[in-house]
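The following exercises ask the reader to work through contacts, salt bridges and overall dimensions step by step. Please keep the sequence and the coordinates at hand.

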Amino acid sequence: MFSYSVCVKGTVKETVGPLAEPVLIGGELVHPGDVIRADADGVVVVRREDLADAIRLSRDREEADAGYIAAYRAGRDVIDVSDLAAKLAAKGLIIDN
């Protein structure tokens, strides 16, 4: 778990607190069974009932990203890969190759 400014200074093992109850962390309600994923960019909470969709969408994104990376390695540029030339031209951007 990441913490910006608050941390636990110690624990007490003689008392029993609530178990398997929702907790509020950083303004986000986290329920038992929710998945928390954290990295240097931030923290996300995925509700248990949304987990299958989140996994599917993540795999779709990885697949799409792999396609972009392969295209870049093959020498294509971002404008070509993302099919942006017409949109940028409509906004007045002139691309000299």
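**Exercise 1. Determine which residues Arg-47 touches, leaving out those up to four places away in sequence, and describe its polar partners.**

Solution. The structure is a predicted model.

Step 1. With residues up to four places away in sequence left out, Arg-47 touches Glu-28, Leu-29, Val-30, His-31 and Asp-34.

Step 2. Arg-47 itself belongs to the loop between strand 4 and helix 1.

Step 3. A polar atom of the Arg-47 side chain lies 2.8 Å from the backbone oxygen of Leu-29. The side chain of Arg-47 also makes a polar contact with the side chain of Asp-34, at 2.9 Å.

Step 4. A network of salt bridges links Arg-47 with Glu-28 and Asp-34.

**Exercise 2. Locate Asp-34 in the chain and classify it as buried or exposed.**

Solution.

Step 1. Asp-34 sits in the loop that runs between strand 2 (28–30) and strand 3 (35–39).

Step 2. The cut-off for a buried residue is under 20% relative accessible area. Asp-34 has 14% relative accessibility and therefore counts as buried.

Step 3. The side chain of Asp-34 reaches the backbone nitrogen of His-31 at 2.8 Å. Its polar contact with the side chain of Arg-47 has a distance of 2.9 Å.

Step 4. Apart from neighbours within four places in sequence, Asp-34 is in contact with Leu-29, Val-45, Val-46, Arg-47 and Arg-48. Leu-29 also appears among the residues that Arg-47 touches.

**Exercise 3. Describe how strand 3 and strand 4 are joined, and name the residue that stands opposite Arg-37.**

Solution.

Step 1. Strand 3 and strand 4 (residues 42–46) run antiparallel and are joined by five bridges.

Step 2. The connection between strand 3 and strand 4 is a hairpin through two residues.

Step 3. Opposite Arg-37 stands Val-44 in strand 4. Ile-36 has Val-45 of strand 4 as its bridge partner. Val-45 is also one of the contacts of Asp-34.

**Exercise 4. State how many salt bridges the structure holds, and explain the sequence spacing of those that involve Arg-56 in helix 1.**

Solution.

Step 1. The structure holds six salt bridges.

Step 2. Arg-56 and Asp-53 meet through their side chains in a salt bridge of 3.6 Å, N to O. The two residues are three apart in helix 1 (residues 51–73), so about one helical turn separates Arg-56 from Asp-53.

Step 3. Arg-56 also forms a salt bridge with Asp-60, where the closest N and O atoms are 3.8 Å apart. Asp-60 and Arg-56 are four residues apart in helix 1, which means that about one helical turn separates them.

Step 4. The relative accessibility of Arg-56 is 44%, so Arg-56 counts as partly exposed. Asp-53 is partly exposed, with a relative accessible area of 41%. Asp-60 is likewise partly exposed, with a relative accessible area of 40%.

**Exercise 5. Give the N to O distance of the salt bridge between Asp-80 and Arg-76, and classify the accessibility of both residues.**

Solution.

Step 1. The side chains of Asp-80 and Arg-76 meet at 2.7 Å, N to O.

Step 2. Partly exposed residues lie between the cut-offs of 20% and 50%. Asp-80 has 40% relative accessibility and therefore counts as partly exposed. Arg-76 has a relative accessible area of 40% and is partly exposed.

**Exercise 6. Characterise the chain as a whole: its elements, its radius of gyration and its burial.**

Solution.

Step 1. The chain contains three helices and four strands. Along the sequence, these follow the pattern β-β-β-β-α-α-α.

Step 2. The radius of gyration of the chain is 22 Å, whereas a compact globule of 97 residues would have one near 13 Å. The C-alpha trace spans about 70 × 30 × 25 Å along its principal axes.

Step 3. Of the 97 residues, 6% count as buried. The chain exposes about 8,700 Å², of which carbon and sulfur atoms supply 56%.

Step 4. Among contacts with a separation of 6 or more, 9% are between residues 24 or more positions apart.

Notes:
Residues numbered from 1 in each chain as written. Predicted model: local features only at pLDDT ≥ 70, side-chain atom pairs only at ≥ 80, totals over all residues. Heavy atoms only, no water. Buried < 20%, exposed > 50% of the residue type's maximum accessible area, 1.4 Å probe, protein only. Polar contact = N/O pair within 3.5 Å; in protein donor to acceptor, adjacent residues only side chain to side chain. Contact = heavy atoms within 4.5 Å. Salt bridge = Lys/Arg side-chain N within 4 Å of Asp/Glu carboxyl O. Pairing = 2+ DSSP bridges. Rg over C-alpha atoms; globule rule 2.2 N^0.38 Å. Areas by Shrake-Rupley, 256 points an atom, 1.4 Å probe, with all protein chains shown as cover.
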